[in-house]
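Me: Hey, can you walk me through this one? I'm new to reading structures, so plain words please.

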Amino acid sequence: MRMSCVTSCENVMKKQFSLLSQYLIGVLFGFGLMISGMSNPQKILNFLDITGPWDPSLLFVMLGAVVVGLCGFYVVSKRSQSFFGGTLHLPAKKEITRPLVIGSLIFGAGWGLAGFCPGPAIVALGVGHLKALIFVLAMLAGMEICERFFTSIPKAD
Amino acid sequence: MHIDWLAFTPGPSLLGGILLGIATSAYVLLHGRILGVSGIVGGLLRPVKQAWIWRIVLLLGILTSPLWSIFLFDMYPVQIIEANWPMVIVAGLLVGFGAQYASGCTSGHGICGLSRLSPRSLVAIISFMISGFVVAYVLRHLL
């Protein structure tokens with residue numbers, strides 16, 4: 001009896017810690033976007049407009065993120081479970097498909113139009129920009145259109 | 001092409017990038033998932049039982065990060081949105097549709113995909129960079 005109580009308390013604690021860490025990782029991600037300047041749509045456009053006065057900062061963001069990320073994903077590749085004990089949900093698809101290329105081309109067009117991608121738009125929403133709210137609502141609508149009319153395969157959780 | 005040295009911020013951008021790398025690494029190590037913002041948002045459209053709470057919590061972290069920045073460190077993030085209202089709406093639709101159709105955005109394919117050395121993500125990055133370059137050029141130089 002006592003044992004089962006201890007394990008259930010431990011499970012509840014684990015769940016709370018898990019959620020807390022999710023929140024903190026979200027905050028850290030937001031700080032990464034803000035400090036790097038990537039939460040500023042104008043800075044994104046100054047990178048994408050390679051013919052104007054060019055701001056190559058985004059390349060340095062990618063450099064920092066990918067060098068650390070390579071280490072993180074290398075450690076994960078040696079494991080079969082996450083530290084909180086759950087199974088790993090890593091993408092299994094390998095083929096280069098039409099939706100991948102066409103979807104990315106469409107995504108890039110929207111990115112170049114306003115300088116917003118999903119993460120920075122959520123940061124801008126937190127700052128209170130009304131345009132970010134409209135962008136996020138339109139983004140959800142775009143996702144819904146795709147989900148409803150263009151995807152037949154159900155997504156994993 | 002010439003570099004705008006006054007706008008170029010290699011130091012803060014590298015530091016911010018390292019934070020993004022730590023966040024995505026921590027996420028996959030602790031929770032076993034790809035930190036792809038479009039995937040996490042998109043999953044809320046068809047929520048699976050028990051799987052929406054962590055999505056909301058992570059997004060709340062990103063959403064409230066500027067508040068921590070402002071109230072804790074007195075740093076106000078600069079965000080200049082040049083696009084007008086119709087452009088913002090069209091951009092949102094394209095970004096949402098495209099990310100969902102391509103199963104990822106700048107975080108999922110861009111950061112995590114490159115970190116996993118995924119050929120699919122490399123193709124996605126090249127594709128969205130090309131259309132991004134073209135649209136930005138048309139907007140700023142041809143219209």
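Me: Let's start with the second largest pocket: how many residues line it, and which lie nearest its centre?
Reply: It is lined by 21 residues, and nearest the centre of the second largest pocket are Lys15(A), Ser18(A), Gln22(A), His31(B) and Trp54(B). On a 1 Å grid over the protein atoms alone, a pocket is an open set of points with protein on both sides within 12 Å along at least five of seven lines, a cavity is a set where a 1.4 Å probe fits but cannot get out, and lining residues have an atom within 4 Å of a point.

Me: Is this a predicted model, and what gets counted?
Reply: It's a predicted model, where local features need pLDDT of at least 70, side-chain atom pairs count only at pLDDT 80 or more, and totals for chains, interfaces and linings use all residues. Residues are numbered from 1 along each chain as its sequence is written, chains are lettered from A and ligands numbered from 1 in the order in which they are written, and side-chain values use heavy atoms, with hydrogens and water left out.

Me: Ok, how much space lies in that second largest pocket?
Reply: About 530 Å³. A volume here is the space filled by probe spheres set on the grid points, which are joined across faces, edges and corners.

Me: Which helix gives the most to its lining?
Reply: Helix 1 of chain A, with six residues. Helix 1 (2–36) of chain A, plus helix 1 (10–31) and helix 3 (53–73) of chain B, each supply at least two residues of that lining. Helices (H or I, at least four residues) and strands (E, at least two) are DSSP runs, numbered from the N terminus.

Me: How does the lining of the second largest pocket divide by residue type?
Reply: Into six nonpolar, 10 polar and five charged residues. Ala, Val, Leu, Ile, Met, Phe, Trp, Tyr, Cys and Pro count as nonpolar, Asp, Glu, Lys and Arg as charged, and the others, Gly among them, as polar.

Me: What about closed-off holes, how many cavities of 30 Å³ or more does a search find?
Reply: The search of the whole structure finds one. The largest cavity has a volume of about 240 Å³. It has 21 lining residues, and closest to its centre are Met62(A), Cys117(A), Thr106(B), Ser107(B) and Ile111(B).

Me: How do the residues of that lining divide?
Reply: For the largest cavity it's 17 nonpolar, four polar and no charged. Helix 5 of chain B gives the most to this lining, with four residues.

Me: You mentioned Cys117(A). How many disulfides are there over all chains?
Reply: Zero, going by the rule that a disulfide is a pair of cysteine sulfur atoms within 2.5 Å. For Cys117(A), the nearest cysteine sulfur is that of Cys105(B), 6.4 Å away. For Cys146(A), the nearest cysteine sulfur is also that of Cys105(B), at 13 Å.

Me: Buried or exposed, those two?
Reply: Cys117(A) is buried, with a relative accessible area of 7%, and Cys146(A) is buried at 0%. Buried means under 20% relative accessible area, exposed over 50%, and partly exposed in between (1.4 Å probe, protein chains only).

Me: Switching topic: what does Ser36(A) touch?
Reply: Leaving out residues up to four places away in sequence, Ser36(A) touches Lys43(A), Val61(A), Thr9(B), Pro12(B), Ser13(B), Gly16(B) and Gly17(B). Contact means heavy atoms within 4.5 Å. Ser36(A) lies in helix 1 of chain A and is buried, with a relative accessible area of 1%.

Me: And where is Ser13(B)?
Reply: In helix 1 of chain B, buried at 0% relative accessibility. Not counting neighbours within four places in sequence, its contacts include Ile35(A), Ser36(A) and Phe60(A).

Me: Which residue in helix 4 of chain B should I look at?
Reply: Try Gly96(B), found in helix 4 (residues 85–101) of chain B. Gly96(B) is buried at 0% relative accessibility and, not counting residues up to four places away in sequence, touches Met139(A), Gly142(A) and Met143(A).

Me: Last one: what does the secondary structure of chain B come to?
Reply: Six helices and one strand, in the pattern β-α-α-α-α-α-α along the sequence. Chain B has 143 residues, of which 52% count as buried.
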